[in-house]
Amino acid sequence: SVESVIVQGSPDVAIVKAADDPDVDLVLIATHGRTGIKRMRLGSVADKVIRESGKPLLLFRPQEGAASGAATIRNIIIPLDGSELAEQALPTAESLAKELDGTLTVFRAVSTYTFAFAEPYPFGGAEATAEILEAIEQEAEDYVAGKVGEISGRGVKASGKRVLGDPATQLVDLAHDTADSLTVMSTHGRSGVARTLLGSVADKVVRSSGRPVL
């Protein structure tokens, strides 16, 4: 069932207004495109819609020269940082994985940036820093294993991946290396150790992975 609507005005404002309709469940948008007159970059529009609309937004970055056709989605990736806000995307990710008879991968990245300047401070030097990092890695490992167990118990095929490094880079690599993948994520969150701005992570993933992001 298809309905077309043409309006005048700023694209991001018009999209947000249209999405506010109670009957709208999802907004689907490419992060850039081309009009008949000139090229139009929708990246900034998508950024504004993400910030202004409370509706789920499915973003896709078309690849130059890529074959057209329906995208196949069989593997759902959900990045979690241990916060309740990040976990708000989990029910949607589980539902999609079940409907598509796919696998849900719980992803957790432990960033080492926090510890880059730890040694000069009088907290025990490199040895103490290594112990702290090891403890955080173990906490992340336990968290991922616990989530995988919960999800599997609800009848969804699930796996876990805990990595060390920049969250955005690691997530882009995983999405790229995972066939037929869709990343489902909240746009921001807070971990138990330090605030993690998942908005910037989402932005990097959308712009770099070439895979759809919800």
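The following exchange concerns charges, the nonpolar core and backbone features in a predicted model.

Residues are numbered from 1 along each chain as its sequence is written, and side-chain values use heavy atoms, with hydrogens and water left out. Because the model is predicted, local features need pLDDT of at least 70 and side-chain atom pairs count only at pLDDT 80 or more, whereas totals for chains, interfaces and linings use all residues.

Trainee: How many salt bridges does a search of the whole structure find?

Mentor: The criterion is a side-chain nitrogen of Lys or Arg within 4 Å of a carboxyl oxygen of Asp or Glu. Applied to the whole structure, the search finds a total of seven.

Trainee: How far apart in sequence are the parts that arginine 154 and glutamate 94 tie together?

Mentor: Arginine 154 forms a salt bridge with glutamate 94, and the closest N and O atoms are 2.6 Å apart. Arginine 154 lies in the loop between helix H5 (125–153) and strand S7 (157–164), while glutamate 94 belongs to helix H4 (residues 90–99). Helices (H or I, at least four residues) and strands (E, at least two) are DSSP runs, numbered from the N terminus. The pair therefore ties together parts whose separation in sequence is 60 residues.

Trainee: Is glutamate 94 buried or exposed?

Mentor: Buried means under 20% relative accessible area, exposed means over 50%, and partly exposed lies in between (1.4 Å probe, protein chains only). Arginine 154, at 42% relative accessibility, counts as partly exposed. Glutamate 94 has a relative accessible area of 10%, so its class is buried.

Trainee: Which residue forms a salt bridge with aspartate 101?

Mentor: Aspartate 101 sits in the loop between H4 and strand S6 (103–110), and its partner is in strand S7, 56 residues apart. Aspartate 101 is exposed at 56% relative accessible area, whereas the partner is partly exposed at 45%. The closest N and O atoms are 3.6 Å apart, and the partner is lysine 157.

Trainee: What is the phi of aspartate 101?

Mentor: Aspartate 101 is found in the loop between H4 and S6. Its phi is positive, in a residue other than glycine, and lies near 55 degrees.

Trainee: Where is aspartate 180, which has a positive phi although it is not a glycine?

Mentor: The phi of aspartate 180 is about 55 degrees. Aspartate 180 is partly exposed, with a relative accessible area of 31%. Its place is in the loop between H6 and strand S8 (181–183).

Trainee: Which residue forms a salt bridge with arginine 162?

Mentor: Arginine 162 lies in strand S7 and its partner in helix H5, so the pair ties together parts that are 25 residues apart in sequence. Arginine 162 is partly exposed, with a relative accessible area of 25%. The closest N and O atoms are 3.0 Å apart, and the partner is glutamate 137.

Trainee: Which residues form a negative surface patch?

Mentor: Patches are made of residues with over 30% relative accessible area and no salt bridge; like charges are joined within 9 Å, and nonpolar side chains (Val, Leu, Ile, Met, Phe, Trp, Tyr) within 5 Å. Aspartate 23 is in the loop between helix H1 (11–19) and strand S1 (27–30), and it is exposed at 67% relative accessible area. The negative patch consists of Asp20, Asp21, Asp23 and Asp25.

Trainee: Which element gives the most to the largest nonpolar core?

Mentor: A nonpolar core is a set of buried Ala, Val, Leu, Ile, Met, Phe, Trp, Tyr and Cys residues joined through side-chain atoms within 4.5 Å. The largest has 24 residues, and those with the most contacts inside it are Phe107 and Leu171. Elements that give two or more residues to this core include H1, helix H2 (43–52) and helix H6 (167–177). The element that gives the most, with five residues, is H6.

Trainee: How many Å apart in space are valine 27 and leucine 214?

Mentor: Valine 27 is in strand S1 and is buried, with a relative accessible area of 11%. The two residues are 187 residues apart in sequence, and their C-alpha to C-alpha distance is 9.5 Å.

Trainee: What separates the C-alpha atoms of serine 44 and aspartate 12?

Mentor: Serine 44 lies in helix H2 and is partly exposed, at 42% relative accessible area. The two residues are 32 residues apart along the chain, and their C-alpha atoms are separated by 8.5 Å.

Methods. Areas by Shrake-Rupley, 256 points an atom, 1.4 Å probe, with all protein chains shown as cover. Lys, Arg positive; Asp, Glu negative; His and termini not counted. Charge placed at Lys NZ, Arg CZ, Asp CG, Glu CD.
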